[in-house]
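Visitor: I would like to learn how to read a structure feature by feature. Please give the general idea where there is one, and then the case at hand.

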Amino acid sequence: MAVRQYDVPVIHALITGSPGVGKTTLVKHVVQQLQELGTSLAGFYTEEVRGHHGRIGFDVVTLDGQRAPLARVPQAQQPGGNRRGYYVGKYEVKLNSFEQLALPVLQQKHDSSDSTKKCIQVIDEIGKMELFSKEFVHLVQKTFQSPRNVVMATIPISKGKSHWLLEELRNRKDVQIFEVTVDNRVKLHSQVQSFIENSLSL
């Protein structure tokens with residue numbers, strides 16, 4: 001297990017990489033393997049939604065199978081071309097829908113009476129769409145700060161100036177960053193799983 005300066009254990013995994021390279025696929029694979037071992041996990045992942053003519057948006061899906069819209073391509077343009085609400089590219093972010101499903105998943109572990117058992121928190125992803133939610137930003141900070149949690153989260157690849165929370169997470173001394181590429185994405189599954197399993201023992 002890697003240990004950085006000041007003897008801070010490196011226990012959290014940040015998974016990054018270019019869009020579409022396989023970050024969510026890696027997360028889902030590791031989650032499945034850990035669940036089969038009886039490991040305690042909570043959290044959510046992001047899944048694309050496709051229509052007859054290609055991708056129409058994204059859903060947030062909890063590890064127990066609950067689903068809610070995260071973003072959609074609007075059915076019609078606003079009059080005059082003005083867009084209200086939250087947008088990332090052509091996608092309208094369904095902030096209320098996201099918060100209603102994702103926030104309680106993160107919150108419930110903080111409110112749990114069992115303060116001794118460690119839990120793996122899965123957050124896929126900490127990206128532009130999710131970061132419109134101030135409460136989500138707050139809960140992500142709490143999740144990383146809690147000694148009960150081992151976090152496996154995905155973040156966008158670093159390109160220029162990014163959200164302050166992403167920079168804060170990248171610079172944490174207890175975080176290991178795994179970059180997914182086309183060449184390493186298969187073998188990285190077992191590396192991330194081994195890292196998470198080791199983190200639980202610290």
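Guide: What follows goes through the fold, the cores, one strand residue, the salt bridges and the pocket. Keep in mind that this is a predicted model.

Visitor: How many helices and strands does the protein have?

Guide: There are five helices and 11 strands. Of the 202 residues in the protein, 44% are buried. Contacts can also be sorted by separation along the chain: among those between residues at least 6 apart in sequence, 67% join residues at least 24 apart.

Visitor: Next, the nonpolar cores. Which residues have the most contacts inside the largest one?

Guide: The general idea first. In soluble globular proteins, nonpolar side chains tend to be buried together. Here the largest nonpolar core has 30 residues, and I123, I126, F136, V140 and F144 have the most contacts inside it. Two or more residues come from each of β5 (54-62), β6 (67-72), β8 (91-93), α2 (95-111), α3 (134-145), β10 (149-156) and α4 (164-170). A second core, separate from this one, has 20 residues, including V31, L41, V122 and F178.

Visitor: Is F136 buried or exposed, and where is its place in the secondary structure?

Guide: F136 sits in helix α3. With 0% relative accessibility, F136 counts as buried, because the cut-off for that class is under 20%. Neighbours within four places in sequence aside, the contacts of F136 are F44, F98, L103, L106, I123, E125, I126, E130 and L131. That list includes the charged residues E125 and E130.

Visitor: I126 is on that list too. How far apart are the C-alpha atoms of F136 and I126?

Guide: They are separated by 9.1 Å, with their positions 10 residues apart along the chain counted as the sequence separation. I126 has contacts of its own beyond four places in sequence: L131, F136, V140, F144, A153, T154, I155, P156, L165, L166 and L169.

Visitor: Now a strand residue. What is in contact with V61, leaving aside its neighbours within four places in sequence?

Guide: V61 belongs to strand β5, and its relative accessible area of 2% makes it buried. The contacts of V61 are G43, F44, Y45, E47, Q66 and R67. For V61 and G43, the C-alpha atoms are 8.6 Å apart in space, while the two residues are 18 apart in sequence.

Visitor: How many salt bridges does a search of the whole structure find?

Guide: The search finds nine. One of them joins D59 and R67, whose closest N and O atoms are 3.2 Å apart. D59 is buried, at 6% relative accessible area, whereas R67 is partly exposed, at 45%.

Visitor: Which residues are linked with D59 and R67 in a network of salt bridges?

Guide: The network links K28, E47, D59, R67 and R72. E47 and R67 were also named as contacts of V61.

Visitor: What about the salt bridge between K94 and E92?

Guide: Their side chains meet at 3.5 Å, N to O. K94 is partly exposed, with 29% relative accessibility, and E92 is partly exposed as well, with 22%.

Visitor: Why are R170 and E167 separated by about one helical turn?

Guide: Because they are three residues apart in helix α4. They form a salt bridge, with 2.8 Å between the closest N and O atoms. R170 counts as buried, at 15% relative accessibility, while E167 is partly exposed, at 29%.

Visitor: Last, the pocket. What is the volume of the largest one?

Guide: Again the general idea first. Rolling a probe the size of a water molecule over the atoms shows where empty space is left. The largest pocket here has a volume of about 1000 Å³. Its lining has 34 residues, and those nearest its centre are P19, G20, K23, E125 and P156.

Visitor: Which elements give two or more residues to the lining of the largest pocket?

Guide: They are α1 (23-36), β4 (41-51), β5, β10 and α4. The largest share, four residues, comes from α1. By residue class, the lining divides into 11 nonpolar, 11 polar and 12 charged.

Key
Residues are numbered from 1 along each chain as its sequence is written. This is a predicted model: local features need pLDDT of at least 70, side-chain atom pairs count only at pLDDT 80 or more; totals for chains, interfaces and linings use all residues. Side-chain values use heavy atoms; hydrogens and water are left out. A nonpolar core is a set of buried Ala, Val, Leu, Ile, Met, Phe, Trp, Tyr and Cys residues joined through side-chain atoms within 4.5 Å. Buried means under 20% relative accessible area, exposed over 50%, partly exposed in between (1.4 Å probe, protein chains only). Contact means heavy atoms within 4.5 Å. On a 1 Å grid over the protein atoms alone, a cavity is a set of points where a 1.4 Å probe fits but cannot get out, and a pocket is an open set with protein on both sides within 12 Å along at least five of seven lines; lining residues have an atom within 4 Å of a point. Grid points are joined across faces, edges and corners, and a volume is the space filled by probe spheres set on the points. A salt bridge is a side-chain nitrogen of Lys or Arg within 4 Å of a carboxyl oxygen of Asp or Glu.
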